[in-house]
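Student: I am new to this structure and would like a close look at one part of it. Please take me through it step by step.

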Amino acid sequence: MGADSARILVPVGESSTLRNTVAYAVREAKAAAEEGAESATVHFVYPARWRSVDGGSADDAEATENLLERVTVWAREDLDDETDAPPSVDIETAVVGIDRYLFSPGDYADMVAAYAADYDLDRVIVDPEFRPGGSAPMLRPFEVELSRTGLSVEEAPVERQTARTRLVSRTTISKGVLTFGLSYAFYLTVAGSVSPFNLATGALTAILAAALFSNVTLVTSPSLRRSTLRTLRMGLFVPYLVWEIIKANLSIAYIILHPDLPIDPEMQRFRAAVWGGLPVTTLANSITLTPGTLTVDVGPEGLEIHTLTGDARDGLAGGSLERAVRFVFYGRGGARIPTPTERESISVVAGAGADETADSAESVVAESDPEVDSTTEAGPVTASESTRESEPPSEGGDA
């Protein structure tokens with residue numbers, strides 16, 4: 001189907017053009033239904049930027065529910081606004097992405113495409129003021145990413161008010177001042193002196209950084225109270241992290257010096273209860289700095305972490321480092337959450353590594369002893385099956 005398809009998906013969020021976008025999508029579905037489409041439906045989908053484990057997500061969930069309820073009312077009004085019997089058009093609403101990390105336009109596009117595939121939708125109508133990443137203007141990259149999924153994508157042809165934002169406002173000034181201060185301090189720290197030359201060049205560099213990158217560096221307007229509290233809590237977090245690094249170093253040193261080298265490497269996926277660029281980066285780097293664990297990748301499904309030993313996995317499953325990072329960014333209340341084990345937020349990453357290891361072991365056994373027959377009356381026995389019979393089963397799946 002092409003642009004005239006009756007199976008439509010509309011990503012929604014608060015915007016000044018949402019009402020007109022809803023009306024346009026409903027009109028398109030009605031027109032397709034009148035032309036004899038067997039199934040006309042419009043799915044209004046809200047990509048969540050909050051997570052279900054967040055202590056403050058209740059307010060966000062309520063606001064989202066109210067938004068989708070308004071959208072449903074508007075759609076019903078547009079369907080019933082006819083003298084004759086309205087055509088049959090189903091209206092559905094959904095919230096997606098609660099348990100995913102959504103950073104880039106590609107993440108949002110993949111999520112929308114997956115939902116469209118699940119419900120057999122092939123046409124996407126995008127609100128021209130839709131901002132999937134919050135206040136960041138990323139509609140055009142979002143549409144570009146969507147177009148690569150094979151869906152029919154169009155921007156709703158609705159009128160919108162001309163955006164007249166002040167070049168200088170309280171928000172831009174606060175972002176600029178903070179970016180200038182941080183850049184200036186970093187420059188002087190790296191320079192190692194406060195000579196007149198360094199003071200002058202550092203000020204010029206900091207001014208350029210504030211002018212060009214303040215809106216990129218800071219997503220939201222900085223709050224003096226929030227920034228001060230986070231700085232103080234970070235002062236408590238750093239000694240704790242150093243202590244965890246020392247303990248992990250001692251553990252790894254013991255393993256290295258042990259004659260049997262008792263390691264048990266494994267890849268795990270960790271759906272951590274932190275989100276946003278800075279909190280996720282802090283947690284991922286903290287995990288990497290702790291010997292025995294390494295953050296390999298951060299994707300929509302969570303953090304992929306390589307663990308070297310069972311003790312390292314137990315520490316990760318205990319959630320102490322996760323709670324410490326949440327304490328820094330969300331306060332004491334944010335640290336009071338169930339452990340990753342209790343939330344079933346850690347799972348083993350399935351890969352070809354184990355199969356390749358088993359195949360290699362079987363090959364080595366066959367080559368070293370040609371009299372060994374790899375088949376029995378019951379059929380072939382692989383190295384993994386023989387291991388399973390001689391050793392107790394290991395715990396797999398969600399930790």
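Student: Where is Leu261 found? Please start there, then look closely at the parallel sheet and what packs on it.

Tutor: A word on the source comes before the answer: this is a predicted model. Leu261 is found in the loop between helix H7 (224-257) and strand E6 (266-270). Leu261 has a positive phi of about 45° and is not a glycine. Most residues other than glycine have a negative phi. Leu261 counts as partly exposed, because its relative accessibility is 44%.

Now the sheet. Five strands form it, and the sheet is open. Their order is E3-E2-E1-E4-E5, with parallel pairing. Strand E3 (90-96) and strand E5 (152-155) stand at the edges. Each has a single partner strand, so one side of each lacks a neighbour in the sheet. On average, neighbouring strands are turned by 25° against each other, direction ignored.

Look next at one pair inside the sheet. Strand E1 (residues 7-11) pairs with strand E4 (residues 123-126) in the parallel sense, over two bridges. Ile8 has Arg123 of E4 as its bridge partner.

Two helices come next. Helix H1 (residues 18-34) packs on the sheet and touches E1, strand E2 (41-47), E4 and E5. The direction of H1 makes about 155° with that of E4. Helix H3 (residues 105-118) also packs on the sheet, touching E1, E2 and E3. The direction of H3 makes about 145° with that of E2.

Follow the chain from H3 to E4. Asp120 is found in the loop between them. Like Leu261, Asp120 is not a glycine and has a positive phi. For Asp120 the value is about 55°. Asp120 is exposed, because its relative accessible area is 54% and exposed means over 50%.

For contrast, turn to a pair of helices. The axes of helix H8 (residues 277-289) and helix H10 (residues 320-335) come within 10 Å and cross at roughly 150°. The crossing is right-handed. H8 contributes Leu278, Pro279, Thr282, Leu283, Ser286 and Ile287 to the contact. H10 contributes Leu321, Glu322, Val325, Phe329 and Tyr330. These residues divide into eight nonpolar, two polar and one charged.

Last, step back to the protein chain. Its secondary structure comes to 13 helices and eleven strands. Of its 399 residues, 38% are buried. Among contacts with a separation of 6 or more, 74% join residues 24 or more positions apart. The chain exposes about 23100 Å², and carbon and sulfur atoms supply 56% of that area.

Technical notes:
Residues numbered from 1 in each chain as written. Predicted model: local features only at pLDDT ≥ 70, side-chain atom pairs only at ≥ 80, totals over all residues. Heavy atoms only, no water. Axes fitted to C-alpha atoms, helices over the stretch in contact; angles between N-to-C directions. Helix = DSSP H or I, 4+ residues; strand = E, 2+ residues; numbered from the N terminus. Left-handed = near helix turned anticlockwise from the far one by under 90°. Contact = heavy atoms within 4.5 Å. Nonpolar A, V, L, I, M, F, W, Y, C, P; charged D, E, K, R; others polar. Pairing = 2+ DSSP bridges. Buried < 20%, exposed > 50% of the residue type's maximum accessible area, 1.4 Å probe, protein only. Areas by Shrake-Rupley, 256 points an atom, 1.4 Å probe, with all protein chains shown as cover.
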